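Hi everyone, thanks for making time today. I'd like to walk you through one part of a structure that may be new to you, so please have a look at it with me.

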Amino acid sequence: MKLAYWMYAGPAHIGTLRIASSFKNVHAIMHAPLGDDYFNVMRSMLERERNYTPVTTSIVDRNVLARGSQEKVIDNIVRKDQEETPDLIVLTPTCTSSILQEDLQNFVDRAQMESKGDVMLADVNHYRVNELQAADRTLLQILQFYIAKGRKKGEIAEGKTEKPSVNIIGTTTLGFHNQHDCIELKKLMADLGIEINAIIPEGASVNDLKNLPRAWFNLVPYREIGMMSAHYLAEEFGMPYVDITPMGVVETARCIRKIQQVINEQGANVDYEEFINHQTMFVSQAAWFSRSIDCQNLTGKKAVVFGDNTHAAAMTKILAREMGIHVVLAGTYCKYDADWFRQQVSEYCDEVLISEDNGEIGDAIARIEPSAIFGTQMERHVGKRLNIPCGVIAAPIHIQNFPIGYKPFLGYEGTNQVTDLVYNSFTLGMEDHLLEIFGGHDTKEVIQKTISADSDLNWTKEAQGELNKVPGFVRGKVKRNTEKFARERGFSQISLEVMYAAKESVGA
């Protein structure tokens with residue numbers, strides 16, 4: 001067992017709470033000790049929510065441990081049902097409270113007898129799945145619950161809408177640019193003449209789930225959340241789905257062509273080629289910019305990409321295929337879906353890394369020394385320590401990745417946003433030149449730039465002064481090579497003589 005001090009995907013209950021709080025008029029009861037109840041603060045801060053997050057914590061304390069929590073949990077469910085009158089209450093334990101091995105389904109069954117709204121238990125294994133997997137599973141479970149309820153009452157919609165329509169599945173609270181992407185997808189569907197039948201779970205009512213089969217197809221923009229629901233609807237109702245993420249010029253066009261194929265097979269007669277050409281030439285600036293002298297200066301530069309499956313795969317393709325940037329390494333922390341990721345990126349990068357260990361990612365970045373990183377906030381921190389710029393493309397994310405301005409990553413406007421992110425993430429030649437001439441952070445006394453938080457080597461004042469004379473864009477590499485040379489030969493202090501010997505050893 002290894003202690004994790006950074007998790008790329010949170011614990012399972014966070015995924016369940018993301019889904020429950022995304023729906024309208026759904027309340028979540030979290031059965032947890034104090035310390036596990038940070039979701040409300042996190043969501044209200046990051047999403048800048050004006051309303052209270054619909055999550056209540058049923059605290060596990062010493063009294064609960066002594067007497068059992070059944071009555072307390074049931075009382076909390078019934079009380080919230082009376083106070084909030086939700087359509088649905090979702091009960092979820094956390095990995096901590098799961099240790100108690102309580103029969104929570106029994107709690108739910110008893111509470112349902114006294115509640116006017118629906119009550120259900122989020123059935124996920126908190127020791128085997130992470131936040132993303134739990135969110136996907138919880139969305140499916142809620143969908144199955146209301147499809148079964150609708151069938152029992154004979155309320156499942158029959159037949160399709162008159163015009164082509166779509167269900168967009170997988171946009172949630174706390175998703176990376178999900179709100180902006182959703183707006184862009186709505187615009188894109190309107191331009192294609194496709195009506196929105198439903199968007200789930202963000203902003204949807206659970207009572208509308210029985211109408212999902214009326215849509216002509218389902219669109220799943222993010223692989224992490226929504227695929228299980230799309231598979232279920234395909235099996236139960238024969239609904240086709242499109243799971244191509246429309247991120248970047250090429251993939252957006254591929255997604256639209258797939259939509260064209262799906263709806264034409266059901267009786268439509270559309271041709272979107274003219275629309276694709278117009279958008280590519282006049283709305284998206286990415287294709288034009290990739291041919292400009294500014295972007296050509298980036299050709300062949302090395303980059304590392306790391307994130308969730310959706311964004312890391314899409315960004316790898318954009319960099320390599322659309323901008324001519326050399327992706328040395330592409331990686332993901334979604335180990336449970338590693339085969340798909342490898343299949344998507346293998347032809348566009350030199351190396352594929354599947355790992356949840358941020359130290360391993362950091363060491364790979366230090367070894368490669370790319371010109372830019374495209375990753376999560378953790379890779380951004382790594383980049384700061386190594387003096388390598390980083391564009392954030394996936395969760396985990398900070399509040400700065402929930403912009404107030406409109407910044408989608410999907411669709412044709414998304415191509416412009418991604419292009420700007422890529423271009424501005426590189427330290428450009430003139431910028432580096434001006435830093436050397438006019439000074440700045442690079443002229444200050446050198447600090448530790450390796451991934452390891454501690455250094456067992458001391459630099460003499462003269463050696464530090466000599467290192468400061470090295471141009472900023474290669475200083476980190478010189479420092480690491482010198483320290484590697486010193487460690488291999490057992491030196492505990494780096495002097496001018498050691499620096500010169502290290503330089504000669506590499507033939508520099």
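Let's begin with strand β9, residues 302-307, which runs parallel to β12 and is joined to it by three bridges. This is a predicted model, by the way, so please keep that in mind as we go. If you want a spot to look at in that pairing, find V305: it stands opposite F374 in β12.

Now, what does β12 pair with on the way to β13? Strand β13 itself, residues 390-392: three bridges join it to β12, and these two strands run parallel. Here the residue to find is I373, which stands opposite C390 in β13. To get from β12 to β13, the chain passes through helix α16, residues 377-386, and this β-α-β crossover is right-handed.

Let's stay with β12 for a moment, residues 372-375. Which way do its residues point? A372 and F374 point one way, while I373 and G375 point the other way. Are they buried or exposed? All four of these residues are buried.

Finally, a word about cysteines. How many disulfides does a search of the whole structure find? Zero. Take C334, which is in no disulfide: the nearest cysteine sulfur belongs to C349 and is 16 Å away. A disulfide needs two cysteine sulfur atoms within 2.5 Å. C334 is also buried, with a relative accessible area of 1%. Looking from the other side, C349 is in no disulfide either, and its nearest cysteine sulfur is that of C334. C349 is buried too, with a relative accessible area of 10%.

How values were computed:
Residues numbered from 1 in each chain as written. Predicted model: local features only at pLDDT ≥ 70, side-chain atom pairs only at ≥ 80, totals over all residues. Heavy atoms only, no water. Buried < 20%, exposed > 50% of the residue type's maximum accessible area, 1.4 Å probe, protein only. Helix = DSSP H or I, 4+ residues; strand = E, 2+ residues; numbered from the N terminus. Pairing = 2+ DSSP bridges. Right-handed = clockwise from strand over helix to strand, strands pointing away.
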